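Let's go through one model by asking what each label rests on. Every answer puts a value next to its cut-off.

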Amino acid sequence: MKIDDTIAAIATPRGTGGVAVIRISGPDALPVADRVFSAKTKPSKARPRLLQYGKVCAGDTVLDMGMCVTMPSPHSFTGEDVCELHVHGGAHLTETVLQAVLDAGARLALPGEFTRRAFLNGKLDLARAEAVGDLIHAEADLAATAAVNQLEGRLSKKICAIRDKIIDLTARLSVAADYPEEDIDYLSLDGFAAELKEIIAELDRLIASAKGGQMLREGVRCAIVGRPNTGKSSLLNAIVGSYRAIVTAAAGTTRDIVEEVVSMGGIAVKFGDTAGLREGEGEAEKMGIEMARAYVQNADFCLVVLDSSRVEKADLEILNFVKEKPHIVVLNKNDIAQFSGDFSSPCVHLSAASGAGIADLEAAISALLDSMLEGDSLRRADAVRLTNTRQRDAAVKAREATTLALSTIENGFPPDLTAVDLENAAAALGEIIGLSVSDEVISRIFEKFCLGK
Ligand code: GDP
């Protein structure tokens with residue numbers, strides 16, 4: 001893809017709003033702006049980073065009265081000359097202004113192309129560029145916090161630090177191979193092994209952080225299961241009534257399972273009300289049950305809803321069905337009956353009808369998620385995490401290569417035999433921050449971004 005042309009796109013969401021922003025980036029951004037914006041001073045001559053009021057035009061036709069700001073290279077998001085037109089946020093008007101910009105010499109940007117240029121021009125490393133996308137798509141507080149941490153460069157810094165250690169170690173190992181007779185402390189094989197073990201431990205911590213990172217980024221899925229009439233739909237309504245509902249662009253997994261996504265304790269949780277899991281009579285009911293089973297398999301955890309006034313054998317069968325999944329027993333209808341029996345799983349007594357006890361459910365879900373993370377906690381706002389499969393796979397590769405290097409040393413082979421493995425480890429970490437990634441991977445990352453970003 002050429003990087004010497006000038007791109008433009010609407011940077012704000014489609015639709016009607018107070019203000020819309022059209023962003024232009026590239027070597028001709030300022031001349032293009034001069035052609036479509038008329039004010040006391042031409043955009044190319046105006047003071048950078050200062051909004052100027054004027055006319056937005058298509059030839060002689062005035063389209064709008066708006067503002068223009070320039071951010072000359074290299075002090076811009078993309079590192080190129082950038083210009084933004086702030087116009088009134090009419091859907092038709094914005095498209096018309098974009099067309100005028102394109103007619104003036106820019107080309108329509110591809111999805112994520114501004115951020116891609118920022119990456120290619122060295123303004124952002126790949127992990128930070130990915131964080132831009134994650135931040136835009138974050139649906140709940142903790143996901144946004146994790147993304148902004150990554151955007152600030154915390155993950156990149158950590159990766160660079162580990163990679164530097166590996167490169168430093170590689171250099172010292174090659175010195176040790178060249179001077180095997182020297183008895184220098186920092187060249188001792190025991191010392192190398194200890195350093196490699198420390199690096200492996202750091203990589204293990206990072207790899208372990210990926211599960212939480214993914215949960216934050218993608219949200220967690222919860223299957224609400226139970227016999228008919230135990231109050232599953234009522235519980236879903238109570239949850240939606242108590243927490244901020246998230247309107248996701250992504251379609252639900254199945255039309256027959258009612259799904260609602262809410263922000264609970266800062267995490268996006270997708271609750272799905274499944275059909276009763278009990279064996280049914282009719283064909284339709286059987287299909288519903290199959291779907292419910294599949295939904296449970298794909299869920300991160302389950303809420304098993306029981307009616308406190310009538311706990312039956314069928315409830316225990318359902319509990320048995322979900323026993324391999326993290327789950328919470330919800331003893332519903334505690335306004336009409338108290339159930340005093342014991343379960344080995346965490347239990348919450350509540351009334352979906354009145355909403356009493358829903359806060360206890362939130363606490364129990366939060367504890368359950370933490371227990372699934374084995375020592376990690378999603379609420380650790382300062383945690384450095386891997387947040388997607390690409391990053392995790394690269395960290396796993398780095399760990400495998402470092403482990404091979406360690407076994408070379410521990411088995412008494414010459415230290416320079418570790419060089420290839422350590423180079424592979426450094427390269428794998430480099431992939432996370434974009435030092436050694438193919439064009440194909442880069443394209444795959446940025447094409448998921450929205451238009452105008
Ligand atoms: P589902 O079939 O499991 O989805 O159950 P529903 O949510 O449709 O509820 C079944 C019946 O139980 C309805 O008549 C609800 O009004 C009632 N119900 C649900 N939750 C409660 C509760 O907390 N207390 C009482 N007393 N009734 C409830």
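What follows is a run of questions and answers on the ligand site, the salt bridges, surface exposure and the backbone.

Q: What ground rules apply to this model?
A: It's a predicted model, so local features need pLDDT of at least 70 and side-chain atom pairs count only at pLDDT 80 or more, while totals for chains, interfaces and linings use all residues. Residues are numbered from 1 along each chain as its sequence is written, and side-chain values use heavy atoms, with hydrogens and water left out.

Q: Which residues come nearest to the ligand?
A: Asn 229, Lys 232, Ser 233, Ser 234 and Asp 335 do, out of 15 residues around the ligand. To count as near, a residue needs one of its heavy atoms within 4 Å of the molecule.

Q: What makes the approach of Ser 234 to the ligand a polar contact?
A: A polar contact is a pair of N or O atoms within 3.5 Å; within protein, one must be able to donate a hydrogen and the other to accept it, and residues adjacent in sequence count only if both atoms are side-chain atoms. An N or O atom in the side chain of Ser 234 is 2.5 Å from an oxygen atom of the ligand, so the pair falls within 3.5 Å. A backbone N or O atom of Asn 229 sits 2.8 Å from a ligand oxygen, and for a polar side-chain atom of Lys 333 the value is 3.0 Å. Overall, the protein buries 68% of the 580 Å² that the ligand exposes when taken alone (areas by the Shrake-Rupley method with a 1.4 Å probe; for residues, only the protein chains shown count as cover).

Q: Which helix gives the largest share of the shell around the ligand?
A: Helix α8, residues 232–242, with 3 residues. Helices here are DSSP runs (H or I, at least four residues), strands are E runs of at least two, and both are numbered from the N terminus.

Q: Why are Arg 23 and Glu 84 called a salt bridge?
A: The term asks for a side-chain nitrogen of Lys or Arg within 4 Å of a carboxyl oxygen of Asp or Glu. The closest N and O atoms of Arg 23 and Glu 84 are 3.8 Å apart, so the pair passes the 4 Å limit. The partners are 61 residues apart, with Arg 23 in strand β2 (residues 17–25) and Glu 84 in strand β6 (residues 82–89). Both are buried, meaning under 20% relative accessible area; exposed is over 50%, and partly exposed is in between (1.4 Å probe, protein chains only).

Q: What links Arg 390 and Glu 130?
A: A salt bridge at 2.9 Å, N to O. Arg 390 in helix α12 (residues 389–410) and Glu 130 in helix α4 (residues 126–137) are 260 residues apart, and both are buried.

Q: Is Glu 113 buried or exposed?
A: Buried, because its relative accessibility is 1%. Its salt-bridge partner Arg 107, at 2.7 Å between the closest N and O atoms, counts as partly exposed because its value is 27%. Arg 107 and Glu 113 also belong to a salt-bridge network with Asp 5, Glu 80 and Arg 117.

Q: Why is Tyr 53 called exposed?
A: Its relative accessibility is 54%, and exposed begins over 50%. Tyr 53 is part of strand β4 (residues 52–58).

Q: Why does Ser 242 count as partly exposed?
A: Because its relative accessibility is 41%. Ser 242 lies in helix α8, and its side chain reaches the backbone oxygen of Ala 238 at 2.8 Å.

Q: What makes the backbone of Lys 333 stand out?
A: Lys 333 has a positive phi of about 60° although it isn't a glycine. Most residues other than glycine have a negative phi. Lys 333 is in the loop between β13 (327–332) and β14 (347–349), and it is partly exposed because its relative accessible area is 23%. Arg 49 also has a positive phi of about 60° without being a glycine.

Q: Which peptide bond is cis, with omega near 0°?
A: The one from Ser 73 to Pro 74. Most peptide bonds are trans. Pro 74 is in the loop between β5 (61–71) and β6.
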